[in-house]
Amino acid sequence: MSNYVNKQYYLPLLKDFCDKTFSLYEGVYDQGPFIPYVMSNYCNAPTKIMYIGRDTYYWEPFETLRKAYLDENLDNYLEANIRCVTTDKMLAWKNNSGSFFNMIDKLHLLLRTGKYFSDITTIATAEKELLEEIGYGNLYSIEIPQTITKRYEDDNYRPPKEYWKICDAAKPFETLKSMIEAYSPDYIFIFSWIDKEDDFFEGTDYTQQKEWYEDGFRAVYTSKQYHAKVIWTLHPNRFKFLQTSAEEMCHYLADTYHQISLLR
């Protein structure tokens, strides 16, 4: 059973993205857009949880998208999109304390088993199956300029105006509303303490629950329209700067998860 992307939902959005951006890409940007997707057991999980990062570092090359678009077979791009990160590839980050995937693996296992696995490389088959329940999204479908600067190893990189048009066209892949409509999560964890709430929550009635707010560490959002609850926190690469750790944050977020599960 392979990873899953809701093609019925995302194919029209991807076609629209290509129609708007195909002529902009040449010499401007070399990666296709990130499309939210879920691992193979997500749809059958007792509780559906999506984990949202900031952006990718590389993704599926634009050449894959170009060929799929010209062949009028964008399904091929969506299939390539879901192969970029698998459970085995997530585990390849091992115990890197600043890794998004290492963090979400450990948090998901804590939520599902009540046990914190300090060494993710030692988990058994049963735990690997639990990781197949993970849903994956990003706040930015297109790499942000800081990421491109790092990837190009060019401190003088400045994105041209066409890049910003590509980013604008990718916004339908970045909203909470689209992820809810595509995958119906029960909980969403966001790992990036950046100011993007207005864009991310656009088209929904989500509001912050002030009593849960802890500056730099946690914000909780709920909706009257949607049942999914959102927990917004910092990226794992910030843990050491704020004098915390993956283990401490996993327990902190798991406690938050269990407490807000009681909210109506």
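# Reading a predicted model: core, rings and contacts

Mentor: Let's start in the middle. The largest nonpolar core here has 89 residues, and those with the most contacts inside it are Leu-14, Phe-17, Tyr-37, Tyr-51 and Phe-189. Keep in mind that this is a predicted model.

Trainee: What do nonpolar side chains tend to do in soluble globular proteins?

Mentor: They tend to be buried together. Take Leu-14 as a case: leaving out residues up to four places away in sequence, Leu-14 touches Pro-33, Ile-35, Leu-65, Leu-74, Tyr-77, Leu-78 and Phe-173.

Trainee: Let's step back to the whole chain. How many helices and strands does the chain have?

Mentor: There are 11 helices and seven strands. The radius of gyration is 18 Å, close to the 18 Å that the globule rule gives for 264 residues, so the chain is as compact as a globular protein of that length. Along its principal axes, the C-alpha trace spans about 50 × 40 × 40 Å.

Trainee: And what share of the 264 residues is buried?

Mentor: Buried residues make up 55% of them. Look at sequence separation too: of the contacts with a separation of 6 or more, 75% are between residues 24 or more positions apart.

Trainee: Can you show me that with one residue?

Mentor: Try Ile-52, which is found in strand E2 (residues 49-53). Its relative accessibility is 0%, so Ile-52 counts as buried. Setting aside neighbours within four places in sequence, Ile-52 is in contact with Phe-100, Gly-137, Asn-138, Leu-139, Met-179, Ile-188, Phe-189, Ile-190 and Phe-191. Ile-52 and Leu-176 are 124 residues apart along the chain, and their C-alpha atoms are separated by 9.8 Å.

Trainee: Now the rings. How many aromatic pairs does a search of the whole structure find?

Mentor: The search finds 37. To sort a pair, you look at the angle between the planes: under 30 degrees counts as stacked and over 60 as edge-to-face. Phe-189 and Phe-191 are a stacked pair, 6.4 Å centre to centre with 25 degrees between the planes. Both Phe-189 and Phe-191 are buried.

Trainee: Which arrangement do Phe-200 and Trp-232 form?

Mentor: That pair is edge-to-face, with 5.7 Å centre to centre and 80 degrees between the planes. Phe-200 lies in helix H10 (residues 197-200) and Trp-232 in strand E7 (residues 229-233), so the pair ties together parts that are 32 residues apart in sequence. Phe-200 and Trp-232 are both buried.

Trainee: A ring can also have a charge over its face. Which ring does the charged end of Lys-150 sit over?

Mentor: The ring of Tyr-57, with the charged end 5.8 Å from the ring centre. Another case is Lys-196, which lies over the face of Tyr-140 at 4.8 Å from the ring centre.

Trainee: What about a polar residue: is Ser-141 buried or exposed?

Mentor: Ser-141 has 2% relative accessibility, so it counts as buried. Ser-141 is placed in the loop between strand E3 (135-138) and helix H7 (145-152). A polar atom of the Ser-141 side chain lies 2.8 Å from the backbone oxygen of Phe-34. Beyond its neighbours within four places in sequence, Ser-141 is in contact with Pro-33, Phe-34, Ala-170, Phe-173 and Glu-174.

Trainee: And how does Lys-165 count, by its relative accessibility?

Mentor: Lys-165 is at 47%, so it counts as partly exposed. Lys-165 is found in helix H8 (residues 161-169). For distance, compare Lys-165 with Arg-54: they are 111 residues apart along the chain, and their C-alpha atoms are separated by 19 Å.

Notes. Residues numbered from 1 in each chain as written. Predicted model: local features only at pLDDT ≥ 70, side-chain atom pairs only at ≥ 80, totals over all residues. Heavy atoms only, no water. Core = buried A, V, L, I, M, F, W, Y, C linked by side-chain atoms within 4.5 Å. Buried < 20%, exposed > 50% of the residue type's maximum accessible area, 1.4 Å probe, protein only. Contact = heavy atoms within 4.5 Å. Phe/Tyr/Trp six-rings, centres within 6.5 Å; stacked < 30°, edge-to-face > 60°. Helix = DSSP H or I, 4+ residues; strand = E, 2+ residues; numbered from the N terminus. Lys NZ or Arg CZ within 6 Å of the ring centre and 35° of its normal. Polar contact = N/O pair within 3.5 Å; in protein donor to acceptor, adjacent residues only side chain to side chain. Rg over C-alpha atoms; globule rule 2.2 N^0.38 Å.
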